[in-house]
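Visitor: Please give me a close look at one part of this model, residue by residue where that helps. Then connect that part to the rest of the chain.

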Amino acid sequence: MSELCERALIQVLSMIKIHDIVDGVRNGQLRALAKAITLVESRSPDHSLAATTLLDELLPASGNSIRVGISGVPGAGKSTFIEAFGLHLTSLGHKVAVLAVDPSSQLSGGSILGDKTRMEELSRDPNAFIRPSPAGETLGGVARKTRETMLVCEAAGYDVIIVETVGVGQSEITVASMVDFFLLLQLPNAGDELQGIKRGVMEIADAILINKSEGDNRPRAELARQQYANALHLLKPKSLNWQVPVELISALEGQGIAEVWALVESFRAALQESGEFSEKRRLQANDWMWTLVNDGLRDLFMEDRKVTDLLTPVQEAVSEGATSPGAAARRLLEAFKRG
């Protein structure tokens, strides 16, 4: 058999396997869902075409969920809240997928991936699916393929998609650009903490939840709610069709969880009625496309032979102060264009 024929046969067999995975995902098979997400998350160039084919096949069955992003300061109780929230949703008959983005080690590339331990009860729920994803090199700790993973989960019948961020850097901004509703969890002790909250994070929140508001924390939580509400009045509204609420909850005791879901439903109804919901999804899809274009261009640039030959001496020249970063960048880009 010629090499060309062999490659063609391998491609045909690969497509057959893809169609099997697609059918399994559509039928809600967890094994097929895990395989599909693993393929989508793969950085191997050999898997790129297969992943694209998979997503194209699943696309018509996606888009029917509400996508909720959740972030908050360390210790705010994100995992406890997500478990309580997820269990409430499954009790109402919803299917919930949790995409928890874990911080990757910059030294080993490994990640903690402890979400199923942190959400033990939810992980045993047959109507819940928890997928920890290492953040890798993507800015802000948001997994590069989280958007595609959302589509796969939607095609598998999950109608609520929760994306948890590590709550550091620019991860909140990135997650807000891919979800419908963005929740910001905070602690009862506002005061100095309120001063430390980035204005940008406040501006992207669709609701602020003050967790751990039970017992002796209640008075401080009430004060924090007032301070956050006052701060929101100073900011430009994110949407003309939605007033950002500040609510008190206790994820540990299950207080206020049902009310949070009611907020999400009210938000969706208000934005769907105005047409803002579908417009937001449209803009996000275009943003997603350009993100992938930029990622692809960076990969092409870094793989170009002329660039790789120049990269080490140019970097050394910049480090030693022999050339400016701007001049070095132009030299690398010119080499890339000539290639």
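**From one helix to the strands**

Guide: Val293 lies in helix α13 (helices are DSSP runs of H or I with at least four residues, strands runs of E with at least two, both numbered from the N terminus). The model is a predicted one, in which local features need pLDDT of at least 70 and side-chain atom pairs count only at pLDDT 80 or more, while totals for chains, interfaces and linings use all residues. Residues are numbered from 1 along each chain as its sequence is written, and side-chain values use heavy atoms, with hydrogens and water left out.

With a relative accessibility of 34%, Val293 counts as partly exposed (buried is under 20% relative accessible area, exposed over 50%, partly exposed in between, with a 1.4 Å probe and protein chains only). Val293 belongs to a nonpolar surface patch of about 480 Å², which Met289, Trp290, Leu297 and Leu300 complete. A patch takes residues with over 30% relative accessible area and no salt bridge, joining like charges within 9 Å and nonpolar side chains (Val, Leu, Ile, Met, Phe, Trp, Tyr) within 5 Å. As for the whole protein chain, about 17,800 Å² is exposed, and 54% of that comes from carbon and sulfur atoms (areas by the Shrake-Rupley method, 1.4 Å probe, only the protein chains shown counting as cover for residues).

Helix α13 also supplies a salt-bridge partner. Asp180 and Arg281 meet through their side chains at 2.8 Å, N to O (a salt bridge is a side-chain nitrogen of Lys or Arg within 4 Å of a carboxyl oxygen of Asp or Glu). Arg281 sits in helix α13, which covers residues 276-303, and Asp180 in the loop between α8 (171-176) and β5 (181-186); this pair links distant parts of the chain, 101 residues apart. Asp180 and Arg281 are both buried.

The loop that holds Asp180 leads on to strand β5. Of the 6 residues of β5, 6 are buried, so the strand is largely enclosed by the rest of the structure. Phe181, Leu183 and Leu185 point one way from β5, while Phe182, Leu184 and Gln186 point the other way; all are buried.

Strand β5 has partners in β1 and β6. With β1, the pairing is parallel and runs over 5 bridges (two strands pair if DSSP finds at least two bridges between them). Within that pairing, Gly69 has Phe182 of β5 as its bridge partner. With β6, strand β5 pairs in the parallel sense over 4 bridges, and Leu184 has Ile208 of β6 as its bridge partner.

Strand β6 is covered on both faces: Ala207 and Leu209 on one side, Ile208 and Ile210 on the other, are all buried. Strand β6 also runs parallel to β7, to which 3 bridges join it. Here Ile208 stands opposite Val246 of β7. Between these two strands the chain passes through α11, in a right-handed β-α-β crossover (right-handed if, with the strands pointing away from the viewer, the path from the first strand over the helix to the second runs clockwise).

A salt bridge joins the loops beside these strands. Asp206 and Lys238 form it, with their closest N and O atoms 3.0 Å apart. Asp206 is in the loop between α10 (199-204) and β6 (207-210), and Lys238 in the loop between α11 (218-233) and β7 (246-248), so parts 32 residues apart in sequence are tied together. Asp206 is buried at 3% relative accessibility, whereas Lys238, at 35%, is partly exposed. Elsewhere, Arg218, Glu222 and Arg225 are linked in a network of salt bridges.

Strand β1 pairs with β4 as well: 5 bridges join these parallel strands. Arg67 has Ile161 of β4 as its bridge partner. In β4 (residues 160-164), 5 of the 5 residues are buried. On one face of β4 these are Val160, Ile162 and Glu164, and on the other Ile161 and Val163.

Arg67 takes part in a further salt bridge, its side chain meeting that of Glu154 at 2.7 Å, N to O. Arg67 lies in β1 (residues 66-72) and Glu154 in helix α7 (residues 146-155), so the contact ties together parts that are 87 residues apart in sequence. Arg67 is buried at 9% relative accessibility, and Glu154 is buried at 4%.

For the wider setting, the protein chain has 15 helices and 7 strands. Buried residues account for 45% of its 339 residues, and the structure holds 10 salt bridges.
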